Amino acid sequence: MRLQKETHADLARRGARVVLAETLSELPPIQADPALFADAQRNLWENAAKFDHRPEKEIHVTGRAEAANVVIAVEDGGAGIPSEEIPRLFKKFYQIEESFTGQVEGAGLGLALVQRIV
């Protein structure tokens with residue numbers, strides 16, 4: 001996984017850095033459109049940075065092989081997602097109530113795009 005220059009700059013502006021697990025290099029290759037895969041990564045990482053309101057943030061990316069699939073996990077230090085919101089997270093234009101997340105920029109399309117790419 002490579003961090004694109006523009007993604008790196010945006011994350012740095014938000015006080016975030018991405019920590020890639022060394023074990024990612026041991027995963028089997030996947031078949032994916034490189035540009036779309038990069039878009040999915042960027043959306044996940046920017047979403048993690050956006051909802052972590054600490055001044056300095058670390059976004060951890062891990063992965064594992066599971067049967068014929070590769071599972072990539074993105075973890076941040078934000079407040080988390082209320083369990084009742086999880087079923088709606090990937091709906092277009094959906095955002096969790098501002099009283100929980102604080103007011104953040106965005107149209108609610110990032111995670112819907114990630115789901116469509118995957």
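Axes in this tour are lines fitted to C-alpha atoms, for helices over the stretch in contact, and angles run from 0 to 180 degrees between N-to-C directions. Helices (H or I, at least four residues) and strands (E, at least two) are DSSP runs, numbered from the N terminus. The model is a predicted one, in which local features need pLDDT of at least 70 and side-chain atom pairs count only at pLDDT 80 or more, while totals for chains, interfaces and linings use all residues. Residues are numbered from 1 along each chain as its sequence is written, and side-chain values use heavy atoms, with hydrogens and water left out.

**The whole chain**

Start with the chain in cartoon view, where four helices and three strands can be found, following the pattern α-β-α-β-β-α-α along the sequence. Of the 118 residues, 27% are buried, a term that stands for under 20% relative accessible area, with exposed meaning over 50% and partly exposed in between (1.4 Å probe, protein chains only). If you switch on a surface, about 8,300 Å² of the chain is exposed, and carbon and sulfur atoms supply 52% of that area, as calculated by the Shrake-Rupley method with a 1.4 Å probe.

**The sheet**

Next, select the three strands, which form an open sheet in the order β1-β2-β3 with mixed pairing; strands count as paired if DSSP finds at least two bridges between them. The edges are β1 (16–20) and β3, each of which pairs on one side only, and the twist averages 20 degrees from one strand to the next.

Now narrow the selection to β2 (residues 57–66) and β3 (residues 69–75), which run antiparallel and are joined by seven bridges. Along this pair, H60 stands opposite E75 in β3, and T62 has A73 in β3 as its bridge partner.

**The turn at A67**

Follow β2 into the hairpin that it forms with β3, where two residues lie between the strands. Is A67, in this turn, buried or exposed? A67 counts as exposed because its relative accessibility is 85%. Its phi is near 55 degrees, a positive value in a residue other than glycine. For context, most residues other than glycine have a negative phi.

**Helix α2 and the core**

Select helix α2 (residues 34–50) next: this helix lies across β1, β2 and β3 and runs at about 140 degrees to β2. Then show the side chains of L11, A16, V18, L24, L27, W45, A48, A49, I59 and V61, the 10 residues of the largest nonpolar core; such a core is a set of buried Ala, Val, Leu, Ile, Met, Phe, Trp, Tyr and Cys residues joined through side-chain atoms within 4.5 Å. Two or more residues of this core come from each of β1, α2 and β2, and α2 gives the largest share, three residues.

**Where α2 meets α4**

Finally, add helix α4 (residues 110–117), whose axis comes within 9 Å of that of α2 and crosses it at roughly 145 degrees. Contact here means heavy atoms within 4.5 Å, and the residues making it include L36, F37 and L44 of α2 and L111 and I117 of α4. Which residues does N43 touch, leaving aside its neighbours within four places in sequence? N43, which lies in α2, is in contact with G110, L113 and V114. N43 counts as buried because its relative accessible area is 14%.
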